[in-house]
Structures are given as C-alpha cells and as structure tokens.
Amino acid sequence: MGGFNYEKEPKRDILFIDVKSFYASVECVSLGMDPMTTMLVVMSHSDNTGNGLVLAASPMAKKVLGITNVTRNDNMPVHPDLIKVPPRMSFYIKENTKVNNVIRKYVAEEDLMLYSIDESMMDITRSMDLFFPDTTFSRTKKRWEFAKMIQQDIYQTTKLYVTVGIGDNPLLAKLALDNESKHNQHLISEWTYQDVPNKVWRISPMTDFWGIGHRTQKRLHLMGIESIEQLAQASPDFLRSRMGIIGEQLYHHANGIDRTILSDPTPQVLEKSYGNSQVLNRNYYLQEEIEIVIKEMAEQVAARIRRHHCQTACIHVSIGVAFGETASGFSRQMKIPPTDNSRKLVAHCLFLFRKYYTGQVTRHVGITYSKLLYTENIQLDLFENAEEQLQQHKLDLIIDKIREKYGFTAIVHANSHLEGARAIARSKLVGGHAGGMDGISNVGPEKKIL
C-alpha cells in the first residue's frame, strides 16, 4: 500500500456529518412532513435561466421520480404527490446554525470544522472518553455510539436526519460518508487504514473519490491510470512530474493518507483575487444596460478589496452570450496602477468592456480583481490632484460603512434604479437565491409555491 506504515500515521477519531438532502429536508419538516417519505423539491425561480432548476430533492423524490439537482423544470416528472417550493436561504442558514450548535455540545471549537452549509467535521479524539468512559468498549464501539448519539440529538432538536462517516483521519471519514453511509440503513459507516485496499481502492467510478472530477479523471486515464488502486500504486514522482503537487496529493489520498489535525492552527492564506459574476435575469441587447451592470459589479468588488485592505493591479472582465447566439463572448484582463478607488475601477472595467464588445446579446457578466497588493496605505496618482484622491477614498469608505450597517440599498447610485440594473434586486438574495421567509403555509399535493 504505497509503502506506508500506517502505525506511524496520525490516528484520530473523526466524524464527518451530513444533513441528508438538507434544503429539501428542512422544507419537509417546516410542513410537518417526514423528510424520508415526502416527495419534495426546492426549485429556483426562472429569473436567471428562463427555466427553474432543482436545488435539492428529498430522498423519496430522488428514488421514485429520479429527480437530481440538475433537473430543469421542463423535465420534471408529473406526480400528484410531488411538492415544489422556492428556496429560502435565510431559513436554511438558521436551521444549519441549530445543527452546528448541537455538535458544539460534544467538541471544543478547535475540533470542529464547518465544511459547508450541510456538512461538518468533528474530531472527537479528546472528547470521546468523556461521553463513553466505559473501558470495556472498544474504540470502534465508542465511535459508533458517539455517532448514534449525535444523530439522535440532532433529530430530536431539528427533526433532520444526518449521515455520519467515521474515519481514522478526515479523508477516510469523508470517503466513508460519501460512498457508504449515505446508502446504508444506519446512515453510519466507518473506514480505517485497514480498509484502504478493500474499500478505498474499490471506489468506482473514480469521480466518486473526493477531489477527483471528470477533468482530473480524464488526465489520469491519459496517463494509463483507470482506478483508485492503480493511482495508489503509481509512482509519486511520475504523478508529480505530470500533475504537480496535486498529483502527489492524489497519490497519498488514494492510499488513505491525510495528516490533517483539525486543532492545528491554520496559516492565513491571502486571496489571489476577488471577483463576482452573475447570470442576468434576461437577455441584454442594449450596451448601456450591460454597462449599468458592469458599473454596479465593479463597485461591489471594489468594496470587497477595501474590506480586505488590498488594492488591485489587474482587472478582468468576462461577457457570456445568450443561449443560441452565434457570436461568442469574451474574457479579457488589463494591468492597471494599484488602486481600490471605485471610480477608477469602474472606468477601467468600462474601458476594457468597450474595447472588446461588438454588440453581443449578453446573459452573463463577470468582474475579477487580481494581482492584489495588501496595504493600509493609499496609492496616489502623481498626475491627479492629491486632495481630490484623498476625498474620494474617504467617500468610498463612508459608503462602505453605511452599507455595512444599514444594508446595500441604504445608499445606491441613481443608475441602479434604471432599466437593466441588478444591484438592488441581487441585494435581496442569499447565496444567489431568495432568502425567503422563516415560515410557510401548509401545502397540499400538487401545490406549487413558486
């Protein structure tokens, strides 16, 4: 097994927890229904795509109707018991907090990692014996009892079902969760170093392995590696020469190696870029309307880099065309003198857009600032009035503070009220979707709440 001595590898007691079909389950519970037996989907509005998209489906909707998280409204099967509801992101965040507060009862904060809105990882190595001091229990017994205790507590508190992967390290716990826990009766499974040959190496297709997507799988296939076992037995030097540090990391993961300790302090990693992109709510035919969106986004990203005390020396503008258009979009970047000035960044983004725009019908806009310079100092332009530049910087900071305290719409430019503007509408979204209300009226079969 790659020549690794597992006796010398860190052996922790890790639980990887996932709320089963989180968004859909939360909606089922809010309606007083069982998440495991109700057929329900959370479907986005059709504003951005022209066709609603399933964001989450309950286990029964997936099993009976074959619905997935990429199913479009046009392709939805018709069933009298299927319930459709819109997303309520604020409500989901609130319920996620309840789940994590339960988990915090069992581990110290440094032993908890919030992986995503529906997944959390906890290292119970230091707390397991506190809850299960019985010395007659084996390590495996204590792990399973701990997992069941977490399951029951979360269910009693929220009525949500969770799956749990148990592992000797975070990677093995995650692989156990994704490849076994979600598919067995107990919703719990355990993978140890001893399970690497008969479980980790047997994961198929390769894209079911954490960290391997279709593009990576294709690269590995071109190198003659068509299974996790072959990846584990490949030469790490060969993998590194072909794929860089990622190749060596994949080699270690294929052998079940992950030396991460959750409680170890994580070094601060500075962002390489800040950006924002959006799919527009309709096709944009007029250049002036597209420019309104670019102005709004350029200013919003400028506020982000100021919040992180950095300036950008490179801007990037991308334009995606509407479906069916023969003309192609473009993605261009330009070096600029370092700045965090909203007015200058808006002007640079408009210049770059106008240079390459040829009348494309636009549906997607992206703005990114890179080559960041982290500094508290103000970069003044020698060819402009210094006092005016300082005043503009103060104005940007004042606007940032007003929006931070009272919300984005507390102060907006007049053009954000013009036809085609998107900033005010998007300010009401959470994670790109409707925040929604905390409560919802009862819904019967066939009822669509969209």
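1. Buried means under 20% relative accessible area, exposed over 50%, and partly exposed in between, with a 1.4 Å probe and protein chains only. By that cut-off Phe22 is buried, at a relative accessible area of 3%. Tyr92 is buried as well, at 0%.

2. On the basis of these notes: this is a predicted model, where local features need pLDDT of at least 70, side-chain atom pairs count only at pLDDT 80 or more, and totals for chains, interfaces and linings use all residues. Residues are numbered from 1 along each chain as its sequence is written, and side-chain values use heavy atoms, leaving out hydrogens and water.

3. Aromatic pairs. The whole structure holds 14 of them. Rings of Phe, Tyr and Trp (its six-membered ring) pair if their centres lie within 6.5 Å; planes under 30 degrees apart count as stacked, over 60 as edge-to-face and the rest as tilted. Phe22 and Tyr92 have ring centres 6.4 Å apart and planes at 65°, so they are edge-to-face. Phe22 lies in helix H1 and Tyr92 in helix H3 (residues 89-103), so the pair ties together parts 70 residues apart in sequence. Helices (H or I, at least four residues) and strands (E, at least two) are DSSP runs, numbered from the N terminus.

4. A second edge-to-face pair is Phe131 with Phe146, at 5.5 Å centre to centre and 75° between the planes. Phe131 sits in helix H4 (residues 128-131) and Phe146 in helix H5 (residues 139-158), 15 residues apart. Burial: Phe146 is buried at 0%, whereas Phe131 is partly exposed at 34%. Both belong to one aromatic cluster with Tyr106 and Phe132.

5. The sheet. Three strands form an open sheet in the order E3-E2-E4, with mixed pairing. Strands E3 (54-57) and E4 (83-85) are the edges, each pairing on one side only. Two strands pair if DSSP finds at least two bridges between them. Strand E2 (residues 40-43) runs parallel to E4 over 3 bridges. Leu40 has Ile83 of E4 as its bridge partner.

6. Helix H13 (residues 342-356). Its 15 residues reach 22 Å from first C-alpha to last, close to the 21 Å expected at 1.5 Å a residue. That expected span is 1.5 Å times one less than the number of residues. The buried residues of H13 include Leu345, Cys349 and Phe353. At the N-terminal end, Asn341 acts as the cap, with a side-chain oxygen 2.9 Å from the backbone nitrogen of Arg343.

Conventions
Polar contact = N/O pair within 3.5 Å; in protein donor to acceptor, adjacent residues only side chain to side chain.
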